[in-house]
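This explanation introduces the reader to a protein model through a cysteine link, a residue and a helix. The sequence and structure are shown first, and the text then proceeds step by step.

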Amino acid sequence: MKRVAAAAAAVLCLLAAGCTDPGPTPAADGDIVLATGSDLSSTGVRRELIRQWERRTGKHVRIVKLPDTADGQRSQLLAAGQSGNSGYDVLNIDVAWTAEFAAAGIIRPWGKELSGDFLASVKKTVTTGSDGTVWAVPFNTDAGLLYYRSDLLKKYGYDGPPETWEQLRTWSQEIMAEENAHRPADEKLYGMVAQLRPYEGLTVNTLESVWASGGDPERTAHLAGALQQGVYALKERLRTIMPQEATAMDETASREWFAEGRALFMRNWPVEYASVAEKLEPGREFDVAQLPAGSSEGRHRTVLGGQNLALAADAAHPDEARSLITALTSARSEHCLLQRGFAATRASAYDGTAPACDLPPDDARREEGDGARHRTAPPGQGPPYTDLLHRALKDAAPRPRSPHYATYSKVVQLYVFDYLTGKDDASIADELAEEATKALSGRGERGR
């Protein structure tokens, strides 16, 4: 593992340097400036919610679009914020960045508590886990789901999705053997696809496998046994039921394989639901379920995704920015977001007690850029997986809440990808546990 350790050291040094171009600074004027990785200036529910706030207050919101990649967004926001003159008022940030941005001093505290009926799992993403200070407000959330070919499961006598990962592997091997006996080689069916390319998706899949193996998501240092079992289980699925191409897959690539009928199961986010429904060939059927548990008594754990809205530390219009965030995350707004295909952050959006969404129907067109959603239900209704998503969110857990999470994630990616694509090495768990713990503490390869 020396090659991995050397690569990890290089990554840690690069991340520690923090050398990046902060990008253009928006001109100072009366606009409320919102920095986001998604172009909210296009049509769509989030932009319409902003327009409603503008009409009610007489203020104007200017959208500053960040780079397309998550790493690019994070780097630009950090650099701009640390310059002390970012020109931003509101930051739309990934839930995994909250602790880092708070420690870096580029967002200001929201308050000592978060009022409202936000889901318990989602509320954890806006605190750093130390003194309980709230640093942001949940905007939209996300939870991983298991997509499955319901028609093929029925064909082989299974009435529903597998409850455990072992069942998934066993069923996959059985159906693969039967199906591939009479399929051409270029139409081979695989048991599962997931996101195993060395980026944040690999970290997410690793965490979910470790949690299913008994790891505790509330502890930053994983138990060595659960970590070893988790990464081993991930490799075993890759070895037995997944294509080797999975190590180059992200959300889009895995969705394409599944929609083309080349995989029985897929781990992915709800955002891909409408694309699968649109592109799956006629006669083929699919459905979604919670991710399998590690055992029949285990929990169906998924990593929590989504975005939070935060006040920029150097905001020129803090009162107006706070008003905008409050409006965009209200119970009515969250209800609108759910109806348009986003995962809402409030319980009232799911139990029917939220105020009615009064947005015009023509805002249901697809939003451009990162986070784009398709319509998955008629106007006024939530997507078909609404109840399932609510259950998945209750069982979801945030990624480690640490100012050094980005470094931690890179370390996980380097070690796990090397293990998945290289030789079996039992030392992976011990080395990964040691380096990941160092990364979360901020010591990294240069730890003392």
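Two residues are in contact when heavy atoms of theirs lie within 4.5 Å. The model discussed here is predicted, and the notion of contact serves to describe the surroundings of one serine. Leaving aside neighbours within four places in sequence, Ser-333 touches Leu-49, Ala-327 and Leu-328. Ser-333 belongs to helix H13. Its relative accessibility is 1%, and a residue is buried when this value is under 20%; Ser-333 therefore counts as buried.

Helix H13, which covers residues 331–339, also holds one end of a cysteine link. A disulfide is a covalent bond between the sulfur atoms of two cysteines. The structure contains one disulfide. It is formed by Cys-336 and Cys-357, whose sulfur atoms are 2.1 Å apart. The link joins distant parts of the chain, for Cys-336 is in helix H13 while Cys-357 is in the loop between helix H14 (348–351) and helix H15 (386–395), and the two are 21 residues apart. The angle about the S-S bond is 110°, and the link of Cys-336 and Cys-357 is right-handed. Cys-336 and Cys-357 are both buried.

The account now turns to another helix. Helix H16 comprises residues 405–421, which makes 17 residues. What span should be expected of helix H16 at 1.5 Å a residue? The expected span is 24 Å, and the end C-alpha atoms of helix H16 are 24 Å apart, so the two values agree. Helix H16 is also mostly covered, as 13 of its 17 residues are buried.

Notes: Residues are numbered from 1 along each chain as its sequence is written. This is a predicted model: local features need pLDDT of at least 70, side-chain atom pairs count only at pLDDT 80 or more; totals for chains, interfaces and linings use all residues. Side-chain values use heavy atoms; hydrogens and water are left out. A disulfide is a pair of cysteine sulfur atoms within 2.5 Å. Helices (H or I, at least four residues) and strands (E, at least two) are DSSP runs, numbered from the N terminus. Buried means under 20% relative accessible area, exposed over 50%, partly exposed in between (1.4 Å probe, protein chains only). The expected span of a helix is 1.5 Å times one less than its number of residues.
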